[in-house]
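This briefing gathers what can be said about a single protein chain, grouped by topic. Please read it alongside the sequence and the coordinates.

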Amino acid sequence: MEEQNKSDELKEYGSLRAGSIHCLTIIGQIEGHQTLGEDLKTTKYEHVLPLLAAIEESEEIAGLLILLNTMGGDVEAGLAIAELIAGMKKPNCSLVLGGGHSIGVPLAVAARRSFIAPSAAMTIHPVRLNGVVIGVPQTYHYFSRIQDRIVRFVTAHSRCTREEYLRLMENTDELANDVGSVINGEEAVEKGLIDSLGTLSDALAYLHREIEAE
């Protein structure tokens with residue numbers, strides 16, 4: 001019964017056949033324990049986490065393609081998704097389309113191979129919250145620890161150095177109303193954040209090669 005439920009859940013995201021590649025889209029904001037407004041396109045992490053586990057266990061799925069177009073969101077939820085992707089043994093790759101904002105960077109680099117469309121961009125900035133924040137020293141220490149977790153994850157799963165990533169994150173010369181950087185696809189590859197420039201056909205070709213190799 002449990003296996004049937006897993007199969008039904010996977011089929012909601014597309015038809016399955018032996019050796020197929022499953023496509024998972026992560027778009028908009030990553031929604032965690034705090035519910036976002038109905039006018040925002042969101043990816044709910046409590047839906048994605050069990051889906052990733054089911055994909056890893058499925059005998060019908062040979063590889064995973066993750067399409068990313070993110071707008072930030074819950075950092076803890078985004079890191080949880082990224083950690084699950086990074087821990088998968090099944091061939092997988094990510095493709096950044098449009099933009100990878102904030103928590104979208106760890107999600108992109110978590111995959112075994114990362115691609116970015118030539119027209120896409122990535123926005124990198126420090127951890128911050130909107131709304132009322134209790135201004136005590138512990139608050140700033142908490143933000144600093146979260147930011148350090150993100151930096152360690154990104155640099156561990158990419159070729160970008162810690163120094164370079166912090167420089168991009170803390171840049172004050174580029175964004176008019178914020179601190180950080182926006183880098184295009186070519187720059188993301190040059191700085192080692194993303195493995196390759198590419199489109200859908202490139203990502204699928206990579207997955208087919210990995211599946212055949214296994």
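Helices and strands are here DSSP runs numbered from the N terminus, a helix having at least four residues and a strand at least two. With elements named in this way, Ser-58 lies in the loop between helix H2 (45-57) and strand E3. The model is a predicted one, and its secondary structure comes to eight helices and eight strands.

**Overall picture and confidence**

- Of the 214 residues of the protein, 44% count as buried, and residues 24 or more positions apart account for 69% of the contacts with a separation of 6 or more.
- The average pLDDT of the protein is 83, with 78% of the residues scoring at least 70.
- Confidence is lowest in helix H1 (residues 2-11), where the mean is 50, and highest in strand E5 (residues 113-116), where the mean is 98.
- Over residues 9-18 the pLDDT is below 50, and this stretch nevertheless has 19 contacts in the model beyond near neighbours in sequence.
- A further stretch, residues 130-134, stays under a pLDDT of 50, and for this stretch the model has three contacts beyond four places in sequence.

**Helix H3**

- Helix H3 (residues 75-86) has 12 residues, which at 1.5 Å a residue should span 16 Å, and this agrees with the 16 Å that separate its end C-alpha atoms.
- The buried residues of H3 are Val-75, Ala-77, Gly-78, Leu-79, Ile-81, Ala-82 and Ile-85.
- Glu-76, which is also found in helix H3, is partly exposed, because its relative accessible area is 33%, a value between the limits of 20% for buried and 50% for exposed.
- Glu-76 and Arg-149 are 73 residues apart in sequence, while their C-alpha atoms are 10.0 Å apart in space.

**Helix H8**

- For the 14 residues of helix H8 (residues 200-213), the span expected at 1.5 Å a residue is 20 Å, and the end C-alpha atoms are indeed 20 Å apart.
- Ala-203, Tyr-206 and Leu-207 are the residues named as buried in H8.
- Seen down the axis of H8, its buried residues fall within an arc of 95 degrees, so they line one face of the helix.
- The buried residues of H8 pack against four strands, namely E1 (20-31), E3 (61-73), E4 (92-101) and E5.
- Arg-209 and Glu-212, on the other side of H8, are exposed.

**The loop residue Ser-58**

- Ser-58 counts as buried because its relative accessibility is 11%, which is under the 20% limit.
- A polar atom of the side chain of Ser-58 lies 3.5 Å from the backbone nitrogen of Ile-61.

**Cysteines**

- How many disulfides does a search of the whole structure find? The search finds zero.
- For Cys-93, the closest cysteine sulfur is that of Cys-23, at 9.7 Å, which is too far for a bond, given that a disulfide requires two cysteine sulfur atoms within 2.5 Å.
- Cys-93 is buried, with a relative accessible area of 0%.
- Cys-160 is likewise buried, its relative accessible area being 3%.

Terms used
Residues numbered from 1 in each chain as written. Predicted model: local features only at pLDDT ≥ 70, side-chain atom pairs only at ≥ 80, totals over all residues. Heavy atoms only, no water. Expected span 1.5 Å × (residues − 1). Buried < 20%, exposed > 50% of the residue type's maximum accessible area, 1.4 Å probe, protein only. pLDDT = per-residue confidence, 0-100. Contact = heavy atoms within 4.5 Å. Arc of directions from axis to C-beta. Polar contact = N/O pair within 3.5 Å; in protein donor to acceptor, adjacent residues only side chain to side chain.
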